[in-house]
Amino acid sequence: MPPNHNQRRAESAMVDRDTDTVGQGALIEFAAVAEWIEAATSRSAKIALLSRYFAQLQDDPLYYAVHYFAGQGFPQRERRLAPIGELTLVTALSVLSGIEPAKLNAHLKRLGDLAEVAALVLVRQSEPILTLEDVAIGLEQLAKTQGRRKLSWVIRLLEPATSLEAKYLTRLLLGDLQIGLEEAMIEAAVAQMTAQPLEQIRWGYTLLGDLGKTALLARHNQLTQARMQLFQPLKFMLASTVQDPAQVIQQLPQGFAVETKYDGIRAQAHIAPAGKPTNWHPETVFAGIRVALFSRTAADISLSFPDLIAPLASLAPHALVTGETAGLILDGEIVPCQNDQILPVAALQPRLDPESPSADRIASVPVAFVVYDVLYKDGAVLLNHPYSERRRVLESLLLETPEVRLAAAQILFDLESLEQRFFQARAQGQEGLMVKALNSCYRPGRRSHEWLKIKRAIITLDVVVTAAEITPETAPWFSNYAVAIRTSDGDPTLLQIGKVAVGLSQPELETLSDWIQRYTIEEFAEGMVRLVEPQIVLEITVEQLKPSQRYKSGYDLHDARIVRIRRDKSVNDIDTLDSLLYLVEQTQNWWDSSEG
DNA sequence: GATGGCTGCCC
DNA sequence: ATTCTGC
DNA sequence: GCAGAATGGGCAGCCATC
């Protein structure tokens, strides 16, 4: 559709038509605005249109519209609904349109977008009748429903939809609007609509964790009443990556603290008096103190870690005053550990069960919460306090226990000691270090340069390519390589060790594909899979070597990526089973000696 | 009861 | 998580 | 430089089906 046409529709969505329906939030109007935004390129024009659209909506529809434009069915911090999957939607579309799923999948392949498929096959001639509130009700039901029964709600939601409505309903259900609209633009639109400073909107959103609610408060000039909401997770501050300690000195000349880089699950802990018993889970309350743990995507993972509830709640008597603002928000990492040793992060996987884990499972994978930041304490929002101050608060309130630990941190001044510390970290089997500017504030949701992770892969191997495969995504280039090592210096027998598929640039990919053609010994799957002469040597990095029955070497690669093509090396120079075993042993020693 | 497709959610 | 891209 | 979009590995749960 041409932008002009969309703009007319979008604008007409905002002029008075029938006083009964103005501002009620028809889904078709939302869709028209979304269409226009998708086609537009000017950032300011998108914001202006969005702000005018918001302005004419009544309160409830505004609340929904703000969330839906953010691509989310619910407030960001109440992730009650995980988006539904492609299969469910294809099935629903099939039921509604009477078209075979296979045909729909063919459409999907051609159009590359399920929402376009929905728009194509759901062609209702009648008037659009859906409202944003209808959508909210449907999503609410979906959130309460498990498994296959979700399908019937998807069908009920899509059934009355016109083509354009179906397109955006589909995208909402998939959890992503895909119209090139950043959250920051929605914030700007709210600011424009309410004629309030953008900074004020942002701060309100940070405190409330709910952009829709922020918009409503802003509209009614009540933003100053916004308070930090305990048990509504803040976004996490993220770090950017550097490879070399020298880059740290360059980027953080004002002084920095160095922390151990804990490899686990990032989590935010909220701890506060439970108050009146309501609908939260009894297992998350200990001695009148409620505890919640949130993952990086704001999922509530408290029930996966019942063994952390009591230890975290026990911080309260030392830390909390009584009263309405009493509470604590901590940022840290959940790590698997056993007898004081911190284990590889892979050990945590079984604990991420959505239901409560069994006692067996808890016992077999003990965990600790390593705390490295404090964001809120008893009414004081600490986000805008510098790192050094937050660290001081943290050290004053945490008692070390096996389950709750304080992240190891030290202040370093020069490159030499930083390099030494980095070397030490790697000798202990950690992939690197965290470095944080002493004067940095906690900026939720930002990947800032005030937090850096120095990171380098632990294990490097030279391997030879023995087979290659073209995947649909990378056709016509060979992108998946089966690789092998030698048995020993004296024995050139090749042993398969796994597959590697990432790390090459496009030109390298093309070069390598050429070579694969040239060295092909045998073809399978119409040439998509080839056995090749063992001529091509790759340098790869591996996070971990895992014992495995699958390959003759007895090991499998974990998180392998290609560093470079070693034109200078031949199959005679690659790693051997002996050197591999040495690496495995060394890694083992690292884990054994590391105390975290 | 085992298997396999699909989903979801960590990294 | 990483990588690529568009602004 | 940033945020978003697209990508990958790994594993466990759910459900339908064999």
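Angles between helix axes that are under 35 degrees count as roughly parallel, those over 145 as roughly antiparallel, those from 65 to 115 as roughly perpendicular, and the rest as oblique. This is a predicted model, in which local features need pLDDT of at least 70 and side-chain atom pairs count only at pLDDT 80 or more, while totals for chains, interfaces and linings use all residues. Residues are numbered from 1 along each chain as its sequence is written, chains are lettered from A and ligands numbered from 1 in the order in which they are written, and side-chain values use heavy atoms, with hydrogens and water left out.

**A helix pair**

Select residues 86-97, helix α5, together with residues 114-121, helix α7, which pack at an angle of about 5 degrees with their axes 10 Å apart; the two helices are therefore roughly parallel to each other. Helices here are DSSP runs of H or I with at least four residues, numbered from the N terminus, and axes are lines fitted to C-alpha atoms over the stretch in contact, with angles running from 0 to 180 degrees between N-to-C directions. Showing side chains brings up the contact (heavy atoms within 4.5 Å), to which α5 gives E86, L89, V90, L93 and S97, and α7 gives L114, V117, A118 and V121. By class, these residues are seven nonpolar, one polar and one charged.

**DNA strand D**

Next, select DNA strand D and the 16 residues that surround it, the closest being Q178, E183, D353, H449 and K546; a residue is near a strand if one of its heavy atoms lies within 4 Å of it. Of the strand D atoms within 4 Å of the protein, 97% belong to sugar or phosphate and the rest to bases. Three polar contacts (pairs of N or O atoms within 3.5 Å) can be inspected here: a polar backbone atom of E183 is 2.8 Å from a phosphate oxygen, a polar side-chain atom of R446 lies 3.0 Å from a phosphate oxygen, and a polar side-chain atom of Q349 lies 3.3 Å from a base nitrogen.

**DNA strand C**

Move to DNA strand C, where the surrounding residues are R296, K453, K455 and R561. Of the strand C atoms within 4 Å of the protein, 100% belong to sugar or phosphate. A side-chain N or O atom of R296 is 2.3 Å from a phosphate oxygen of this strand, and a polar side-chain atom of K455 lies 2.9 Å from a phosphate oxygen.

Notes:
Polar contact = N/O pair within 3.5 Å; in protein donor to acceptor, adjacent residues only side chain to side chain. Nonpolar A, V, L, I, M, F, W, Y, C, P; charged D, E, K, R; others polar.
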